[in-house]
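Here are some notes to read beside the model. They deal with the spaces in the protein and then with one helix.

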Amino acid sequence: MTYDTGLVAHGRLSREHFDPAVVRRELAIIRDDLHCNAVQIIGGDPDRLAVAADAAAELGLEIWFSPYPLELRPEQILALLSDCAARAERLRQQGASVVFVAGVELSVMNRGFLPGESPEERVGQLLSRPERRAEAMRELGVRVNTFLREAAATVREHFQGPLTYAAIQFEQVDWTPFDVVTYELLRSAEVADRFRDAVRTLAQGPKPLAITGFGTAAYRGAGDRGGRVLEVVEHDPRTKAPVRLNGVYERDEAGQAAYLSELLEIFETEGVDSAFVFLFALAGYPHRPDGDPREDLDRAGLGIVKLLEGHRGHTYPDMEWEPKAAFAAVARRYRR
């Protein structure tokens with residue numbers, strides 16, 4: 001399971017409230033009720049990452065310590081990775097099982113690899129000229145791998161455990177400096193007929209394969225959109241915070257549950273070593289069942305729980321969220 005401690009972008013933390021007692025309780029639920037034995041802890045604040053990782057270690061979970069840089073320059077990314085690697089190593093030396101993830105989709109989510117002021121602009125520029133797309137991707141691969149060699153060396157100065165990087169396939173990563181091959185992998189309608197074969201091919205490599213970043217939202221048709229699932233959300237132009245949906249989208253928790261079940265079945269049967277559902281809860285996307293359905297941001301939220309505003313749930317009376325159908329689907333799959 002992927003657990004979000006809060007992403008940092010444009011000076012803003014996506015998760016406003018961070019209570020260590022709540023974090024530990026949620027991680028215990030992830031272990032005991034979702035039957036997870038590993039958790040990818042993501043976020044942009046090293047202190048929060050360390051708090052959550054400490055709690056996960058106390059619970060006996062394998063920890064994928066995963067700083068998630070957003071809109072940073074390469075030198076800022078290296079500083080964040082260095083800080084977090086030292087924290088992860090202290091935890092590892094205390095006996096925890098720790099894998100360090102040296103960033104996620106860096107070329108798209110950060111500055112200095114592709115032109116553009118946002119992930120959407122960067123991908124758009126990369127794909128804008130079909131006649132030189134292959135050349136542009138090769139050039140990107142050179143930039144990414146040059147940086148990742150430096151990043152791996154930086155991390156290894158502080159961290160002695162297994163190392164990986166959560167890549168997009170078009171980054172063309174050279175996996176030589178890493179112990180585990182990790183891809184952010186989404187199934188969309190365009191690749192659905194080839195998805196299983198692609199996973200099988202990736203799993204045949206010489207290093208263990210992990211899949212991260214896979215998930216979808218709870219509105220009808222979300223699974224077909226793949227990485228475009230959040231395009232239905234309107235954001236505040238100043239703070240970039242989600243505000244509302246750009247139309248009325250029918251809630252479809254069953255569709256989200258089916259999507260995750262199907263992908264977990266593929267990953268299990270085709271030889272994937274580790275798979276981390278994205279994600280437990282997505283801050284900033286509350287469930288608003290009453291009133292204008294465009295205000296119900298949870299329909300576009302990728303969390304397997306729906307966040308409640310100002311009250312607690314029924315299933316877990318001490319938590320301000322309620323499980324979605326996907327929660328039960330993931331629990332059934334992992335229980336087996």
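1. The structure is a predicted model. Every value below is computed from its atoms.

2. Start with the enclosed space. The count gives one cavity of 30 Å³ or more, and the largest cavity holds about 30 Å³ of space. Its lining is made up of L282, Y285, D298, G301, L302, G303, V305 and K324. By class, this lining has four nonpolar, two polar and two charged residues.

3. Next come the pockets, which are open. The second largest pocket has a volume of about 740 Å³. It is lined by 28 residues, and R15, H17, A283, L307 and E320 are the closest to its centre.

4. What is the lining of the second largest pocket made of, by class? It has 14 nonpolar, ten charged and four polar residues. The elements that each supply at least two residues of this lining include β1 (2-4), β3 (12-13) and α1 (20-32).

5. Helix α6 (residues 133-156) allows a simple check of length. It has 24 residues, and at 1.5 Å a residue these should span 34 Å; the end C-alpha atoms are 34 Å apart, so the two values agree.

6. Which residues of α6 are buried? They are A136, M137, L140, G141, V144, N145, F147, L148, A151, A152, T154 and V155. As a rule, an α-helix has 3.6 residues a turn, so residues three or four places apart point the same way. Try tracing the buried residues along the helix with that rule in mind.

7. What do the buried residues of α6 pack against? Their partners are the helices α3 (74-93), α4 (106-109) and α5 (119-127), together with the strands β6 (98-104) and β7 (163-167).

Technical notes:
Residues numbered from 1 in each chain as written. Predicted model: local features only at pLDDT ≥ 70, side-chain atom pairs only at ≥ 80, totals over all residues. Heavy atoms only, no water. 1 Å grid on protein atoms, 1.4 Å probe; cavity = no way out; pocket = protein on both sides within 12 Å on 5 of 7 lines; lining within 4 Å. Points joined across faces, edges and corners; volume = space filled by probe spheres on them. Nonpolar A, V, L, I, M, F, W, Y, C, P; charged D, E, K, R; others polar. Helix = DSSP H or I, 4+ residues; strand = E, 2+ residues; numbered from the N terminus. Expected span 1.5 Å × (residues − 1). Buried < 20%, exposed > 50% of the residue type's maximum accessible area, 1.4 Å probe, protein only. Contact = heavy atoms within 4.5 Å.
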